[in-house]
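Visitor: I am new here, and I would like to understand the reasons behind the labels people use. Could you walk me through them?

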Amino acid sequence: MKKIYFLFLLLIAGTVSYGQDWTNVLLKDDFNFANDTELINNGWALTGTASTANRLKVGISDGLTYSGYLTTVVAGNSASLLAGAVGDDANRSFTTQTSGSVYASFLVNVSSATTGGDYFLHFGKAIMGTSPFHGRVYVKKESSISNKIAFGVAMASGTAIFSTFQYDPGTTYLLVLKYVNVSGTGNDVSSIIVNPTIESSEPVSNWVNSTDAGTDPGEIGSIGIRQGGATTTPAVKIDGLRVTNVWPFSISDAALDVEKNEIANFSLYTPTRLKAVKYL
């Protein structure tokens, strides 16, 4: 009987410990929806006004992968933005964060971009309106001669700060967007890092930082994908999206693969009375 109780306690302890990791995963999406279906029909909400053309969809067997990122293969499909598309924008909400840092890690593959650049992903409040958006992630190409691209970030509507032009179209990169809620007014910080080392410690260098002057949102509770305009929208695929409130790779990769609300209907039975103990 002692052995049974000991095993029971181990199971409970393991479940609680594992659950603590899950609480840090605020949102996940691998965009593995049916081919050519709209995001707003698959758990995403429309941002702003619906478009009659260029609906924001997933592709057809165009999922992205990146060595070492996620234990499950990010297969299937990805969210696809068409070059020069004026169309729907979409967003998904998560548990509102009013302090500390919020991270969005995702895979991105850029087919084409303009020299002026535009942003394609951003954070917002829990109920996302049409503006302002924060933590705007940009991409642009170097020139009409060079197709090298750079990724950039803007805290809000100010001028984006860009990396160097060292990245190539058609290559999948791992990006992490970080938003820091700083106590005070007009002093929050947005940052991005490209291809960070996948390890438990957050890097202290190689970040691109933006500290636009302006009004802080006071909360971060959603993430959006945006199609900018007829002359600016890049051709981009996005996959393997994870939103966390700690450095993504400081928690187990298995925890990154699930959301905290995906452990429903787990039951543990005692050997004598078959009474279910549910972890919800």
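**Buried, exposed and in between**

Guide: Let us start with Asp30, which counts as buried at 11% relative accessibility. Please keep in mind that this is a predicted model.

Visitor: Why is Asp30 called buried?

Guide: Buried means under 20% relative accessible area. Asp30 has 11%, so Asp30 counts as buried. Asp30 sits in the loop between strand 1 (25-29) and strand 2 (45-47).

Visitor: What makes the link between the side chains of Asp30 and Arg242 a polar contact?

Guide: The distance joining the two side chains is 3.0 Å. The cut-off is a pair of N or O atoms within 3.5 Å, one able to donate a hydrogen and the other to accept it. The side chains of Asp30 and Arg242 are therefore joined by a polar contact.

Visitor: Why is Ser61 called exposed or buried?

Guide: Exposed means over 50% relative accessible area. Ser61 has 61%, so Ser61 counts as exposed. Ser61 is found in the loop between strand 3 (57-58) and strand 4 (79-81). Ser61 also has a positive phi of about 50°, although Ser61 is not a glycine.

Visitor: And how do you know whether Asp62 is buried or exposed?

Guide: Asp62 has a relative accessible area of 14%. The limit for buried is under 20%, so Asp62 is buried. Asp62 lies in the loop between strand 3 and strand 4. Apart from neighbours within four places in sequence, Asp62 is in contact with Gly76, Asn77, Ser78, Ser80 and Lys237. With Lys237, the side chain of Asp62 makes a polar contact, side chain to side chain, at 3.1 Å.

Visitor: What makes Asn195 partly exposed?

Guide: Partly exposed lies between the 20% and 50% limits. The relative accessible area of Asn195 is 31%, so Asn195 is partly exposed. Asn195 belongs to the loop between strand 12 (189-194) and strand 13 (208-210), and has a positive phi of about 50° without being a glycine.

**Sheet and core**

Visitor: How many helices and strands does the chain have?

Guide: The chain has two helices and 17 strands. Seven of the strands form an open sheet in the order 2-5-14-7-8-9-10, with antiparallel pairing.

Visitor: Why are strand 2 and strand 10 (161-162) called edge strands?

Guide: Each of these two strands pairs on one side only.

Visitor: How do you know that strand 5 (residues 89-97) and strand 14 (residues 220-225) are paired?

Guide: Pairing needs at least two bridges. Five bridges join strand 5 to strand 14, so these antiparallel strands are paired. In one of the bridges, Ala90 has Ile225 in strand 14 as its partner.

Visitor: What makes a group of residues a nonpolar core?

Guide: The residues must be buried, of nonpolar kinds such as Val, Ile and Phe, and joined through side-chain atoms within 4.5 Å. The largest such core here has 42 residues, and those with the most contacts inside it include Phe31, Phe151 and Ile238. Strand 6 (residues 100-112) gives the most to this core, with five residues. A second, separate core of 14 residues includes Val25, Leu174, Trp247 and Phe249.

Visitor: Which residues does Phe151 touch?

Guide: Beyond four places in sequence, the residues touched by Phe151 include Val108, Val110, Tyr138, Ile161 and Leu175.

Visitor: What share of the chain counts as buried?

Guide: Of the 280 residues of the chain, 46% count as buried.

Definitions and conventions
Residues numbered from 1 in each chain as written. Predicted model: local features only at pLDDT ≥ 70, side-chain atom pairs only at ≥ 80, totals over all residues. Heavy atoms only, no water. Buried < 20%, exposed > 50% of the residue type's maximum accessible area, 1.4 Å probe, protein only. Helix = DSSP H or I, 4+ residues; strand = E, 2+ residues; numbered from the N terminus. Contact = heavy atoms within 4.5 Å.
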